[in-house]
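Visitor: I've just opened this one and I'm a bit lost. Can you show me around?

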Amino acid sequence: MKLKLLYFFTLLLHVSSLVTLSPYNSCNLDKYDNTVNQVENVVKEIDSKLWPLHNIFYPSKIQTRIKTKKSIQRKMEEREFDKPIYDIIGIRYIYNFLSEESLYQAIQYIKLQMTDSICIEDDDYIAFPKKNGYRAYHIHLYICETFVELQVLTEIMYNYNIIGPPRLY
């Protein structure tokens with residue numbers, strides 16, 4: 001418990017130094033460009049750890065994105081100030097599995113391989129979908145001095161999320 005609190009406060013300090021909301025709701029994103037430059041390092045680091053998994057379960061798609069400054073500012077304004085933003089960098093692994101069981105096996109492997117990174121939290125939207133029907137598994141990490149959200153989902157979930165009701169929200 002003490003270790004989790006230490007990680008939380010360390011990460012909270014990092015995020016608040018990255019994105020600080022002033023009384024006028026303007027963002028101070030001085031470190032944003034540095035985070036953007038980290039994307040290549042983060043993707044290489046994660047990929048080097050997951051390549052054995054890709055020999056067993058090869059993703060049909062891998063997508064990356066960087067949250068824009070405007071999106072970070074909007075998210076900071078919408079939520080409690082003291083809650084960090086963990087998805088500045090997003091990496092989506094889309095697998096062409098037929099069963100959720102196989103997907104959970106891949107998720108377990110990913111979590112085992114990422115043990116030297118700080119795993120902040122994970123959200124199982126497969127077992128517990130969002131109200132709008134969105135389904136995926138999110139793993140929030142602190143790696144290469146930045147926050148990363150890994151999204152793991154099947155091709156069917158991905159298509160439903162971008163075409164179905166979750167897209168409308």
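Guide: Labels first: helices (H or I, at least four residues) and strands (E, at least two) are DSSP runs, numbered from the N terminus. This is a predicted model, where local features need pLDDT of at least 70 and side-chain atom pairs count only at pLDDT 80 or more, while totals for chains, interfaces and linings use all residues. Residues are numbered from 1 along each chain as its sequence is written, and side-chain values use heavy atoms, without hydrogens and water.

Visitor: Cool. In what order do the strands of the sheet come?

Guide: It's an open sheet of 5 strands, running E3-E4-E7-E6-E5, with mixed pairing. Two strands count as a pair if DSSP finds at least two bridges between them.

Visitor: And which strands stand at the edges?

Guide: E3 (59-66) and E5 (118-124) do. Each has a single partner strand, so one side of each is left without a neighbour in the sheet.

Visitor: What joins E3 to E4?

Guide: There are 7 bridges between E3 and E4 (residues 89-95), and the two run antiparallel. For one of those spots, look at Gln-63, whose bridge partner in E4 is Arg-92.

Visitor: Do E4 and E7 run parallel or antiparallel?

Guide: E4 and E7 pair in the parallel sense, over 7 bridges. There you'll find Gly-90 opposite Glu-149 in E7.

Visitor: What about E6 and E7, parallel or antiparallel?

Guide: Antiparallel, with 7 bridges joining E6 to E7. Glu-149 turns up again here, as the E7 bridge partner of His-140.

Visitor: Is E7 mostly covered or open?

Guide: Mostly covered: 9 of its 9 residues are buried, meaning under 20% relative accessible area, with exposed being over 50%, partly exposed in between, and the probe 1.4 Å, protein chains only. On one side of E7 sit Thr-146, Val-148, Leu-150, Val-152 and Thr-154, and on the other Phe-147, Glu-149, Gln-151 and Leu-153, all buried.

Visitor: Switching topic: which residues are closest to the centre of the largest pocket?

Guide: Lys-130, Tyr-134, His-138, Glu-149 and Gln-151, out of 25 that line that pocket. A pocket is an open set of points on a 1 Å grid over the protein atoms alone, where a 1.4 Å probe fits, with protein on both sides within 12 Å along at least five of seven lines; lining residues have an atom within 4 Å of a point.

Visitor: Which elements supply that lining?

Guide: E5, E6 (137-143), E7 and H5 each give at least two residues to the lining of the largest pocket.

Visitor: And what lines the second largest pocket?

Guide: Its lining includes Gln-63, Arg-92, Gly-90 and Gln-151. So we're back at two partners from earlier, as Gln-63 bridges to Arg-92. E3, H3 (69-78) and E4 each supply at least two residues of this second lining.

Visitor: One last spot: where is Cys-144?

Guide: Cys-144 is in the loop between E6 and E7. That hairpin has 2 residues between the strands, and Cys-144 takes a positive phi near 50 degrees.

Visitor: Is Cys-144 buried, partly exposed or exposed?

Guide: Cys-144 counts as partly exposed, because its relative accessibility is 25%.

Visitor: What is Cys-144 in contact with?

Guide: Leaving aside neighbours within four places in sequence, Cys-144 is in contact (heavy atoms within 4.5 Å) with Gln-38, Asn-41, Val-42 and Glu-45. The C-alpha atoms of Cys-144 and Val-43 are separated by 9.7 Å, though these residues are 101 residues apart along the chain.
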